[in-house]
Amino acid sequence: MGSIDVKFEALSPAEFFRRNREIAGFANPARAVYQTIRELVENSLDATETFKILPSIKIQVSYVDASRNWLGVYVEDNGIGIPGDEIPNVFGRVFYSSKYRIKQHRGIFGLGAKMVVLYAQSTTNMPITVRSAPLKSDVIYEYQVMIDIAKNEPVIVDSKTLENKYGWHGTAIKVVIEGDWPKAKRRVEEYLRRTSMIAPYAEFLFRGPDEDDFLVIPRVTVKMPEPPKEGLPHPKSVDVELIKQLIQRNPDMKVFEFLVENFDGVGESIARNFLDYAGVNPDMPVGELENDKLVNFVTKMREFNGWRRPRADWLSPIGEDILAEGVRSVLNPEVVFTVTRKPSSYMGNPFIVEAAIAWGGAVPQSDKPIIYRFANKVPLIYDEGNDVVRKIVDEIDWTQYKVKFPAQLAVVVHICSTKIPYASAGKEAIADVPEIESEIRNAIREVARKLRLYITRKEKEQELLMKYAVFTMYSEEVVNALSYVTNTDPDKLRRSMRELIARKLKLDRIERALKEGKLTEEGENNEGSSAQAASLD
Ligand code: ADP
Ligand code: MG
């Protein structure tokens with residue numbers, strides 16, 4: 001009998017993603033255009049706002065040939081640039097990143113730019129062209145890079161250095177990809193609009209391949225959120241491998257110091273309490289934690305309830321004011337309410353939920369609330385049906401908040417975290433995590449209550465105006481008749497009549513209450529309002 005010939009081989013990460021590009025969002029030529037732009041724009045935003053630079057991003061899509069199946073995609077930013085010697089790896093080695101840190105970023109995998117290169121290379125066989133100048137650099141680096149897919153290594157097709165005459169800093173990238181522009185156009189524009197909703201301090205200049213294909217999204221505020229600080233892992237978020245790596249750095253360190261130095265929020269007394277709980281001698285060299293002992297130690301770390309809550313300094317929520325400005329400028333509603341919730345955590349990962357409700361004005365009429373989802377300032381466009389936000393919004397009984405559908409109601413939810421539980425590498429939906437789900441629900445309820453208050457107030461105002469109009473109309477007849485019968489000055493009568501109406505309608509009280517924003521509906525406790533209304537006066 002002949003032997004069965006089974007061949008085994010290893011697969012490089014580049015090869016894996018070349019074969020499985022759909023899991024990173026490059027499923028077809030239309031999706032690929034959207035994903036290409038998105039990956040490049042997100043890198044541009046990370047390279048600007050994280051460093052307190054107001055982002056100015058130029059995007060151009062052009063037809064490369066008559067068939068229009070090949071598209072040139074150009075993205076330019078005014079960010080911190082990339083050091084010349086890093087450019088080949090950054091674009092030519094899958095899983096190479098400056099963002100593998102405990103800190104909020106749009107990028108997380110070290111994959112996006114390489115997916116763009118892999119896709120370009122697989123469809124048009126053209127290299128990526130990168131020009132970049134770091135801050136204060138005398139030169140501009142230019143590279144053409146491809147990927148040696150089998151080795152997961154960059155191939156430098158060409159490189160040169162140019163003089164940086166005008167002190168430019170930033171990065172400009174050009175790729176040629178197979179793409180379906182007519183199908184991608186709407187998604188791309190929607191993506192840019194949504195991005196500007198969450199980053200109204202950025203400006204986008206978009207030029208498409210067709211006649212009159214322009215989109216200019218101006219910067220509407222120069223306020224930017226505080227950039228995140230870089231953090232340490234929280235003891236509840238660790239696993240065995242991470243602890244092993246940390247131990248290897250300095251195996252002679254005492255366990256006690258090891259804990260205090262390497263983890264978020266572990267002070268001396270907490271470290272002592274934990275070691276007591278875990279039954280470990282504080283003076284033991286950490287290198288002695290091996291095998292079962294190590295696994296047990298890590299299990300105890302995750303179980304222990306005496307840790308401090310993870311700090312949220314590693315996060316950068318955009319804040320109630322900037323979110324309101326973004327929503328206002330993109331949706332142009334009658335009114336918007338926003339909230340930034342206090343930090344929470346799941347499995348040691350801090351997160352913050354922000355929400356906004358936009359009502360009326362130019363918000364399109366719809367049979368259910370229109371949803372805008374964001375994670376770490378990235379708009380999520382596809383896969384809404386699978387997203388936890390859709391589920392929560394659909395579960396809410398909106399009549400409770402005086403909303404009857406069809407209505408002009410948009411719900412915006414932003415989640416930021418050092419670890420967003422994305423459901424896939426394409427970053428389009430958020431996996432269900434109970435802690436996050438309940439915070440989203442609370443955030444939406446909080447802004448929905450503000451909306452109910454607003455609607456109630458408007459109803460009361462309108463009712464009052466109606467009454468006032470009716471009373472005034474009849475009072476004129478009464479004044480005339482009275483004045484005729486009693487032979488009194490009609491002006492005097494008119495004045496007392498007005499006073500009477502005002503007193504009966506309690507106009508002054510209501511006016512004052514309206515001015516002070518204190519008019520509350522029955523049963524509504526007016527919590528210190530952190531949301532703002534755009535157009536109450
Ligand atoms: P990720 O964004 O997840 O880190 P990418 O492959 O998209 O992965 O990018 C890899 C790295 O390249 C980034 O971490 C960043 O350091 C650098 N980079 C990419 N694009 C830019 C840019 N426009 N400006 C500055 N740095 C960039
Ligand atoms: Mg990226």
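1. Asp-394 comes out as partly exposed, at 39% relative accessibility. Its partner in a salt bridge is Arg-390, with N and O 2.9 Å apart. Arg-390, by contrast, is buried, with a relative accessible area of 10%. Both residues belong to helix H11 (residues 388-395), where a spacing of four residues puts them about one turn of the helix apart. Please keep in mind throughout that this is a predicted model.

2. The Arg-390 and Asp-394 pair is part of something wider: a network of salt bridges links Lys-368, Glu-384, Arg-390 and Asp-394. If you want to follow the charges further, the structure holds 35 salt bridges. As general background, side chains of opposite charge can pair when their charged atoms come close.

3. A second pair within a helix is worth a look. Glu-241 and Lys-244 form a salt bridge, with their closest N and O atoms 3.6 Å apart. The two residues sit three apart in helix H6 (residues 240-249), so about one helical turn separates them. Glu-241 is partly exposed, with a relative accessible area of 41%, and Lys-244 is also partly exposed, at 36%.

4. A third salt bridge joins the side chains of Arg-494 and Glu-476, at 3.0 Å from N to O. This pair links distant parts of the chain, 18 residues apart: Arg-494 is in helix H13 (residues 490-505) and Glu-476 in helix H12 (residues 434-486). Arg-494 counts as partly exposed at 22% relative accessibility; Glu-476 counts as partly exposed at 30%.

5. Staying with helix H12, have a look at Glu-439, which is placed in that helix. Is Glu-439 buried or exposed? Glu-439 is buried, with a relative accessible area of 9%. Leaving out residues up to four places away in sequence, Glu-439 touches Arg-341, Lys-342, Ser-344, Phe-351 and Val-353. For Ser-344, 95 residues away along the chain, the C-alpha atom is separated from that of Glu-439 by 8.0 Å.

6. Helix H12 also contains Tyr-474, which is partly exposed with a relative accessible area of 49%. Together with Val-470, Phe-471 and Met-473, Tyr-474 forms a nonpolar patch on the surface, and the accessible area of the four comes to about 390 Å².

7. For a contrast with that surface patch, turn to Thr-195 in helix H5 (residues 181-198). Thr-195 counts as buried, at 0% relative accessibility. Which residues does Thr-195 contact, leaving aside its neighbours within four places in sequence? They are Leu-45, Arg-106, Phe-204 and Pro-379.

8. Some backbone geometry deserves a check by eye. Most residues other than glycine have a negative phi, and most peptide bonds are trans. Asn-291 has a positive phi of about 45 degrees, although it is not a glycine. Asn-291 is found in helix H9 (residues 291-303) and counts as exposed, at 63% relative accessibility. Asp-383 likewise has a positive phi, near 65 degrees, and is a residue other than glycine. Asp-383 lies in the loop between strand S13 (378-380) and H11, and is partly exposed, with a relative accessible area of 39%.

9. The peptide bond from Phe-405 to Pro-406 is cis, with omega near 5 degrees. Pro-406 belongs to the loop between H11 and strand S14 (409-417).

10. Finally, the overall picture. The secondary structure amounts to 14 helices and 14 strands, and the C-alpha trace spans about 120 × 75 × 65 Å along its principal axes. Of the 537 residues in the protein, 50% are buried. Among contacts with a separation of 6 or more, 74% come from residues 24 or more positions apart. The protein exposes about 26,700 Å², with carbon and sulfur atoms supplying 50% of that area. On the charge side, there are 74 positive and 78 negative side chains, and the centres of these two sets lie 4 Å apart.

Terms used. Residues are numbered from 1 along each chain as its sequence is written. Chains are lettered from A and ligands numbered from 1 in the order in which they are written. This is a predicted model: local features need pLDDT of at least 70, side-chain atom pairs count only at pLDDT 80 or more; totals for chains, interfaces and linings use all residues. Side-chain values use heavy atoms; hydrogens and water are left out. Buried means under 20% relative accessible area, exposed over 50%, partly exposed in between (1.4 Å probe, protein chains only). Contact means heavy atoms within 4.5 Å. Patches are made of residues with over 30% relative accessible area and no salt bridge: like charges are joined within 9 Å, nonpolar side chains (Val, Leu, Ile, Met, Phe, Trp, Tyr) within 5 Å. Accessible areas come from the Shrake-Rupley method with a 1.4 Å probe; for residues, only the protein chains shown count as cover. Lys and Arg count as positive and Asp and Glu as negative; His and the chain ends are not counted. The place of a charge is taken as NZ of Lys, CZ of Arg, CG of Asp or CD of Glu.
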